[in-house]
Amino acid sequence: MSISEIALAGEQTSNGRGAEFRRGLAASTPVLLGIIPYALVLGAQAAQKGLSVAEVPLMTGLNFAGGSEFAAIQLWTSPPHVLLITAITLLVNSRHFLMGAALAPFIKYLPKRKVFPALFLMCDESWAVGLADAQRRAAARLRPAFSLPFYLGAGLPFYLAWVAFTTCGAALGPVLGDVEKYGFAMAFPAVFLVLLRGMWKGFAAARPWLVSLVVAALVYLTVPGAWYVAAGALSGLVAAWFLAGEK
């Protein structure tokens, strides 16, 4: 084991659940700060579409998935096209099938009463942080590799901050006007670039990501709706399967 892995193992044996929760909170804080600007943008856009300050946290709290919420708000009309919004929400959230599958080997030992609440807190950011930690722990031969207190320390603050700041955006949106002019929307791609950097393992391992990116971009430019999400996810999965046997 490397020095960092030995240190991680020592930390695990000497600290309890509270320390693991704090470790998760510390690991997620840099990314957590990054989601605040685009939470404000979403809340402001929802208010501009006619949602009340009470309705915004209801939406973001029950459907904890930023991408689909942005898509739903873009399609929101009065009265709303419920079936269309539902279909697009399911389509955009389809990436969670792959995210859950990636976590499955690490959480299969957990009882369902713990798995389901943990998966409810799964968003792109908490998934990336939790999966990266589980992989490091597995490399350090720590058992179990998936630390539930760590994951909760990373995921719960994301959930609370998302609901709180989308609500703030809804309350302040009418006062601030178009919040995108302040550059808040740039936080969205910036956060994902940070997550991508943290999962980078070299160009060879990134080839399925590149395939997914190209296919998603082409579908986005040629096919209306959110089909580019499913196309990108499926093409990346197929590419990973074909490239898995290569050295």
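S28 sits in helix α2, which spans residues 17–48. In this predicted model, S28 is buried, with a relative accessible area of 1%. Below you will find its contacts, then the aromatic pairs, and then a nonpolar patch on the surface.

**Around S28**
- Setting aside neighbours within four places in sequence, S28 touches three residues worth a look in your viewer: G153, A154 and F158.
- The relative accessible area of S28 is 1%, so it falls well inside the buried class, which is set at under 20%.

**Aromatic pairs**
- Six aromatic pairs turn up in total.
- One of them joins F146 and Y151, whose ring centres are 5.3 Å apart. Their planes meet at 45 degrees, so this pair counts as tilted.
- Both partners, F146 and Y151, are buried.
- W241 and F242 make an edge-to-face pair, because their planes stand at 80 degrees, with ring centres 5.0 Å apart.
- W241 is exposed, and F242 is exposed too.
- F64, F120 and Y159 come together as one aromatic cluster.

**Nonpolar patch on the surface**
- F203, L210, L213, V214 and L218 make up this patch, and together they offer about 500 Å² of accessible area.
- V214, one of the patch residues, belongs to helix α11, which covers residues 203–222.
- How exposed is V214, in terms of relative accessible area? The value is 43%, so V214 is classed as partly exposed.

Terms used. Residues are numbered from 1 along each chain as its sequence is written. This is a predicted model: local features need pLDDT of at least 70, side-chain atom pairs count only at pLDDT 80 or more; totals for chains, interfaces and linings use all residues. Side-chain values use heavy atoms; hydrogens and water are left out. Patches are made of residues with over 30% relative accessible area and no salt bridge: like charges are joined within 9 Å, nonpolar side chains (Val, Leu, Ile, Met, Phe, Trp, Tyr) within 5 Å. Accessible areas come from the Shrake-Rupley method with a 1.4 Å probe; for residues, only the protein chains shown count as cover. A salt bridge is a side-chain nitrogen of Lys or Arg within 4 Å of a carboxyl oxygen of Asp or Glu. Helices (H or I, at least four residues) and strands (E, at least two) are DSSP runs, numbered from the N terminus. Buried means under 20% relative accessible area, exposed over 50%, partly exposed in between (1.4 Å probe, protein chains only). Contact means heavy atoms within 4.5 Å. Rings of Phe, Tyr and Trp (its six-membered ring) pair if their centres lie within 6.5 Å; planes under 30 degrees apart count as stacked, over 60 as edge-to-face and the rest as tilted.
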